[in-house]
Amino acid sequence: MKTDIHPDYHTIKVIMTDGTEFETRSTMGKEGDTLRLDIDPKTHPAWTGVHRLMDSGGQLAKFNKRFQGLGLKS
């Protein structure tokens, strides 16, 4: 294995969306840095089973207006 080509592997703190935190080892940042998550297994629909439709920039409203006459009940 070549020397001096691998990133430094150190301890960082991870803060979940609900505020809980834990320490893990990573190559991100420097020793003691903090990683704050925007999406984690406690909030992501893939793990929770709860799907929310979020309208970013009016895309959902635009879609609903375009296909309102298809007979789908809202």
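# Exercises on a predicted model

Phe67 has a relative accessibility of 34% and counts as partly exposed. The model in which this value is computed is a predicted one.

**Exercise 1. Classify the ring pair formed by Phe63 and Phe67, and place the two residues on the surface of the chain.**

Step 1. By the rule for ring centres, the structure has one aromatic pair. Its members are Phe63 and Phe67, with 4.9 Å from centre to centre and 45° between the planes.

Step 2. The distance passes the test because ring centres must lie within 6.5 Å. For the angle, stacked requires planes under 30 degrees apart and edge-to-face requires over 60. The pair of Phe63 and Phe67 is therefore tilted.

Step 3. Phe63 belongs to helix 2, which covers residues 59–66. With a relative accessibility of 48%, Phe63 is partly exposed, and Phe67, at 34%, is partly exposed as well.

Step 4. Membership of a patch requires over 30% relative accessible area, so the values of Phe63 and Phe67 meet that condition. Together with Leu70, these two residues make a nonpolar surface patch of about 310 Å².

**Exercise 2. Derive the pairing of the strands, giving the sense and the number of bridges for each pair.**

Step 1. The chain contains two helices and three strands. Read from the N terminus, the order of these elements is β-β-β-α-α.

Step 2. Strand 1 spans residues 10–15 and strand 2 spans residues 21–26; they pair in the antiparallel sense over six bridges. Within this pair, His10 stands opposite Ser26, and Thr11 has Arg25 as its bridge partner.

Step 3. The link between strand 1 and strand 2 is a hairpin with five residues between the strands. Gly19 lies in the turn and has a positive phi of about 100°.

Step 4. Strand 1 also pairs with strand 3, residues 34–36, here in the parallel sense and over three bridges. Thr34 in strand 3 is the bridge partner of Lys13.

**Exercise 3. Which residues form the salt bridge of the structure, and how is each of them classed by accessibility?**

Step 1. The structure holds one salt bridge. The partners are Glu21 and Lys13, and their closest N and O atoms are 3.7 Å apart.

Step 2. The pair qualifies because the limit for a salt bridge is a nitrogen within 4 Å of a carboxyl oxygen.

Step 3. Glu21, at 49% relative accessibility, is partly exposed; the limit for exposed is over 50%, so Glu21 does not reach that class. Lys13 has a relative accessible area of 29% and is partly exposed too.

**Exercise 4. Describe Asp4 and Thr43 by location, accessibility and the geometric value given for each.**

Step 1. Asp4 is found in the segment before strand 1. Its relative accessible area is 78%, so Asp4 is exposed.

Step 2. The phi angle of Asp4 is near 60°, which is a positive value in a residue other than glycine.

Step 3. Thr43 sits in the loop between strand 3 and helix 1, the latter being residues 45–48. With a relative accessible area of 29%, Thr43 is partly exposed.

Step 4. Thr43 is 25 residues away from Asp18 in sequence, and their C-alpha atoms are 8.8 Å apart in space.

**Exercise 5. Characterise the whole chain by burial, contacts and surface.**

Step 1. Of the 74 residues in the chain, 9% are buried. This class takes in residues under 20% relative accessible area, so Lys13, at 29%, falls outside it.

Step 2. Among the contacts between residues at least 6 apart in sequence, 7% connect residues at least 24 apart.

Step 3. The accessible surface of the chain is about 6800 Å². Carbon and sulfur atoms account for 54% of that surface.

Conventions:
Residues are numbered from 1 along each chain as its sequence is written. This is a predicted model: local features need pLDDT of at least 70, side-chain atom pairs count only at pLDDT 80 or more; totals for chains, interfaces and linings use all residues. Side-chain values use heavy atoms; hydrogens and water are left out. Two strands pair if DSSP finds at least two bridges between them. Helices (H or I, at least four residues) and strands (E, at least two) are DSSP runs, numbered from the N terminus. Rings of Phe, Tyr and Trp (its six-membered ring) pair if their centres lie within 6.5 Å; planes under 30 degrees apart count as stacked, over 60 as edge-to-face and the rest as tilted. Buried means under 20% relative accessible area, exposed over 50%, partly exposed in between (1.4 Å probe, protein chains only). Contact means heavy atoms within 4.5 Å. Accessible areas come from the Shrake-Rupley method with a 1.4 Å probe; for residues, only the protein chains shown count as cover. Patches are made of residues with over 30% relative accessible area and no salt bridge: like charges are joined within 9 Å, nonpolar side chains (Val, Leu, Ile, Met, Phe, Trp, Tyr) within 5 Å. A salt bridge is a side-chain nitrogen of Lys or Arg within 4 Å of a carboxyl oxygen of Asp or Glu.
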